[in-house]
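Here's a quick briefing to read with the structure open beside you. Have a look around first, then come back for the tour.

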Amino acid sequence: MIPSRESAPVFNPFSAEFTSNPYPSYKRLREGAPVYSVRGCLGTDWVLSRYHDIRRVLMDATYLIDDLPVRIRRIGSPSEVESLCRFLERWLFFVNPPQHTALRAAVAPHFSKAAIDGLEQAIRKLAEDLVRPLLREGRIDVVRDLAKSLPCRVAAHMLGLPMDDINRIVVWSVDLFSVFVQPASLAHYIHLNRQTEQFREYFTARAGDSKTGLLSHLMSQSGDPDQALAFCMMLFSVGQETTQHLIGNSMLALLEHPEQMERARGRVSLGIIKELARYNTPVQMIIRRAGCDMEIDGHTIRADERLHLLLGSANHDEDVFPEPEKLDLARTEVSGLLFGTGPHVCLGMHVALLSAQIAIQTMLEQLDGLRLATRELSWIRSAHMRGLKTLPCLFNPVT
């Protein structure tokens, strides 16, 4: 039986209850309306909450990526949004095959697991450099002092950029990621257009200054300089938010489960990070469009209708993960939907996982007696991402 819209559970990702803890809402969706339709500002939207439904969509090339750059062009004049749209159109997020396939192939070798594993020592030093100045203080804000700072430093290291420029790069990166927060005003897009132009000017200048690093390589190899610059913007913007929230969410989960923290203390393995990512997924939702009329579980999805794929729900699907609300670092079931899957699976997945692995290991090794400084935690308001604004902790200072 297909639930009617009237009887289906209401899904409100903007409520305070959802922001605090989205997982009960996901459970209601999976049980009552796993393929849930709602009238959106662009027509009928669909919300999918089950693991296998979401995986099917992501693996099927007839489902298209979000057309956000096209929609932004419709509401702003070229002078207001042209720079923003020109670079967004070149982000892998907004490119369909076959162009996507060619663009991804050009950079994929630099982001393979083997290539990223080669950065382990460099990432470890970056993490230790952030933690070391705090050892005598006895307190750390995991988000502000480490999780927010490490991803941009890793990206700068990969691209061959000076660490002195990190603060302004973070501002641009965080601002640009807000393009995913919908709906947004024309004034906001105009602001992002200015930020994009500043980002472009910075990268163009640095590409001329440096002959080493991925930035220089991309600029020299690409027949389209804007494509290379767009990739760098995407690496900073998307990599910043995803890795920051993965580190923050993971550390909170361990702090709230002392017995699991003890299990991790000896060695934070990749498997442990993947279970932490499943337990409180940083990337909660991604969007696709139907390329033609199709059917899911008895529901007809019309061409160009949008599908909101709840990765956070999929990673708590009882049909795949027994006792999904339980954090179990010995769990044998590994999610294939931590960073999406299929042709558009997150290119920076290995960077995010290794950075989180090293960040957590560094804190557990160097911060003795690490514990929460408060139970009053504040989460960002977003349906796409889940992450903490701050995570203040105490530890035994080094004397």
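What follows is a short tour of the core, one helix, the empty spaces and some local backbone details.

Keep in mind that this is a predicted model. The big-ticket items are a nonpolar core of 122 residues and a largest cavity holding about 780 Å³ of space. Helix H14 turns up in both stories: it gives the most residues to that core and also the most to the lining of that cavity.

**The nonpolar cores**

- The largest nonpolar core runs to 122 residues, and those with the most contacts inside it are Phe203, Phe236, Met251, Leu307 and Leu391.
- Helix H14, spanning residues 225-256, is the top contributor to this core with 17 residues.
- Apart from that core sits another one of 11 residues, including Phe18, Ala33, Leu310 and Ala383.
- Take Met251 from the largest core: setting aside neighbours within four places in sequence, it touches Val142, Met261, Ile360, Met363, Leu364, Leu370 and Leu391.

**Helix H6, a two-faced helix**

- Which residues of helix H6 (residues 99-107) are buried? They are His100, Leu103, Arg104 and Val107.
- These four span an arc of only 95 degrees around the axis, so they end up on the same side of H6.
- On the face turned away from that buried side you'll find the exposed residues Ala102, Ala105 and Ala106.
- As for partners, the buried residues of H6 pack against helix H13 (213-221) and H14.

**Cavities**

- The structure has 3 cavities of 30 Å³ or more.
- The largest cavity, at about 780 Å³, has a lining of 46 residues, with Phe93, Phe180, Val238, Thr242 and Cys346 nearest its centre.
- H6, helix H10 (150-159), H14, strand E5 (285-290) and helix H18 (349-366) each put at least two residues into that lining, and H14 gives the most, with 9.
- By class, the lining of the largest cavity breaks down into 31 nonpolar, 12 polar and 3 charged residues.
- The second largest cavity comes in at about 80 Å³. Its lining includes Val57, Leu58, Asp60, Tyr63, Asn96, Pro97, Arg288 and His344.
- Helix H3 (51-59) and strand E3 (63-65) each supply at least two residues of the second cavity's lining, which sorts into 7 nonpolar, 2 polar and 2 charged residues.

**The largest pocket**

- The largest pocket has a volume of about 730 Å³.
- Its lining counts 29 residues, and Phe14, Asp45, Gln182, Pro183 and His308 lie nearest the centre.
- Strand E1 (35-40), strand E2 (43-48), helix H4 (68-75), E5 and strand E8 (306-310) are the elements giving two or more residues to this lining.
- The class split for the pocket lining is 19 nonpolar, 5 polar and 5 charged.

**Backbone oddities**

- Most residues other than glycine have a negative phi, and most peptide bonds are trans. The next few bullets cover some exceptions.
- The bond from Pro97 to Pro98 is cis, with omega near 5 degrees; Pro98 sits in the loop between helix H5 (78-88) and H6. Pro97 also helps line the second largest cavity.
- Gln182 and Pro183 are joined by a cis peptide bond too, with omega about -5 degrees. Pro183 lies in the loop between H11 and helix H12 (186-209), and both residues are among those nearest the centre of the largest pocket.
- Asp297 is not a glycine, yet its phi is positive at about 55 degrees. You'll find Asp297 in the loop between strand E6 (294-296) and strand E7 (299-301), partly exposed with 45% relative accessible area.
- Asp304 has a positive phi as well, near 75 degrees. Asp304 belongs to the loop between E7 and E8 and counts as partly exposed at 46% relative accessibility.

**Two residues to compare**

- Is Ser49 buried or exposed? Its relative accessibility is 0%, so Ser49 counts as buried.
- Ser49 lies in the loop between E2 and H3. Leaving out neighbours within four places in sequence, Ser49 contacts Leu29, Arg30, Ala33, Pro34, Ile54, Leu310, Ser313 and Ala314.
- Asn167, in helix H11 (residues 166-177), counts as exposed at 61% relative accessibility.
- Asn167 and Val179 are 12 residues apart along the chain, and their C-alpha atoms are separated by 20 Å.

How values were computed:
Residues are numbered from 1 along each chain as its sequence is written. This is a predicted model: local features need pLDDT of at least 70, side-chain atom pairs count only at pLDDT 80 or more; totals for chains, interfaces and linings use all residues. Side-chain values use heavy atoms; hydrogens and water are left out. A nonpolar core is a set of buried Ala, Val, Leu, Ile, Met, Phe, Trp, Tyr and Cys residues joined through side-chain atoms within 4.5 Å. Buried means under 20% relative accessible area, exposed over 50%, partly exposed in between (1.4 Å probe, protein chains only). Contact means heavy atoms within 4.5 Å. The arc is that of the directions from the helix axis to the C-beta atoms. On a 1 Å grid over the protein atoms alone, a cavity is a set of points where a 1.4 Å probe fits but cannot get out, and a pocket is an open set with protein on both sides within 12 Å along at least five of seven lines; lining residues have an atom within 4 Å of a point. Grid points are joined across faces, edges and corners, and a volume is the space filled by probe spheres set on the points. Ala, Val, Leu, Ile, Met, Phe, Trp, Tyr, Cys and Pro count as nonpolar, Asp, Glu, Lys and Arg as charged, and the others, Gly among them, as polar.
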